[in-house]
Amino acid sequence: MGKGCITATKYFLFLFNLLFFIFGALIMGFGLWILLDNQSFIAVLQDSSTALKVGSYILIGVGSFSMLMGFLGCLGAIYEIRCLLGLYFTCLLLILIAQVAAAILIYFQRDVLRTETSSIVIKILQNYHGQNKTTELAWDYIQRNMHCCGWNGRTDWLDNPVIVNSSQMLYPCSCRNSSIPEDNGTDSGFCEAQSPDWPIYDTGCMSSVESWLFTNYGVILGICLGVAVIELLGMILSMGLCKSVHQEDYTKVPKY
């Protein structure tokens, strides 16, 4: 490989590693968002799903490791350090294999994840006491902004012990249909109905939440696909540059 090709490969590898570093930061940011967000459906699942918390830590770890690999790849490319290039290639290969395995696992476990999500939400509705806990506020936010009530429908709230055991006709305030005039302006907890016909939405939140999750899965899958493409290109370029550096070192060895 000529000197011009080696230089071009070196700077292309530097560029791909810079992109790899940025994508790693995005993956880590997504993991932090899952862990710290308290105003979306993720917050509803956090207190009940250990798998979600573990997954967020895995995303943070993978993102951090990807950023480190991007940094090492940049150093190996600029200074043409063979050991760093070889380490970079090996780690990229391992990350790519892990990503493919994780994608296959998620695909085949999607029905289990959907069932677990449904059971978690139903349990949250049954344990809802209007005490302004993070999980309850997050679910109130979902119902209020998605204009829905319950998971499958309004009847999910009929198993809530506060509503069942109260002498008053209570309903979840966040379910209130904004198109129906109502004196009570509370957005969380329970409100008192003036008649047995609650002034709330009839549609369950499952379809809206699944649509929201599908949109966010598209974003994260797009990021992961971009990272995978950059990883493949990085592996090809690092292998080519490492081979070129080896040949260049070999030609510099004095012959007697």
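Start by selecting His 147, which sits in the loop between H6 and H7. Keep in mind that you are looking at a predicted model. Although His 147 is not a glycine, its phi is positive, at about 55°. Is it buried, exposed or partly exposed? His 147 is partly exposed, with a relative accessible area of 45%.

Stay in this region and select Trp 139 and Trp 151 together. Their ring centres are 6.5 Å apart and the planes meet at 45°, so this pair counts as tilted. Trp 139 belongs to helix H6, while Trp 151 lies in the loop between H6 and H7, 12 residues apart. Now check how much of each is accessible. Trp 139 is buried, with a relative accessible area of 0%, and Trp 151 is buried too, at 3%.

The next stop is a charged pair: select Arg 154 and Asp 202. They form a salt bridge, and their closest N and O atoms are 2.6 Å apart. Which parts of the chain does the pair tie together? Arg 154 is in the loop between helix H6 (134-146) and helix H7 (161-165), and Asp 202 is in the loop between strand S2 (190-192) and helix H8 (206-252), so the pair joins parts that are 48 residues apart in sequence. Asp 202 counts as exposed because its relative accessibility is 52%, just past the cut-off of 50%. Take a good look at this contact, since the structure holds one salt bridge.

Now move to the aromatic rings. How many aromatic pairs does a search of the whole structure find? The search finds five. To see one of them, select Tyr 128 and Phe 190, an edge-to-face pair with 5.3 Å from centre to centre and 85° between the planes. Tyr 128 lies in the loop between H5 and H6 and Phe 190 in strand S2, so this pair ties together parts 62 residues apart in sequence. Both Tyr 128 and Phe 190 are buried. Add Trp 157 to your selection, and you have one aromatic cluster made of Tyr 128, Trp 157 and Phe 190.

Finish with helix H5, residues 110-126. Its 17 residues should span 24 Å at 1.5 Å a residue, and the end C-alpha atoms are 25 Å apart, which agrees. Colour Thr 117, Ser 118, Ile 120, Val 121, Ile 124 and Leu 125: these residues of H5 are buried. They cover an arc of only 165° around the axis, which puts them on the same side of H5. Turn the helix around, and on the other side you will find Thr 115 and Lys 123, which are exposed.

How values were computed: Residues numbered from 1 in each chain as written. Predicted model: local features only at pLDDT ≥ 70, side-chain atom pairs only at ≥ 80, totals over all residues. Heavy atoms only, no water. Helix = DSSP H or I, 4+ residues; strand = E, 2+ residues; numbered from the N terminus. Expected span 1.5 Å × (residues − 1). Buried < 20%, exposed > 50% of the residue type's maximum accessible area, 1.4 Å probe, protein only. Arc of directions from axis to C-beta. Salt bridge = Lys/Arg side-chain N within 4 Å of Asp/Glu carboxyl O. Phe/Tyr/Trp six-rings, centres within 6.5 Å; stacked < 30°, edge-to-face > 60°.
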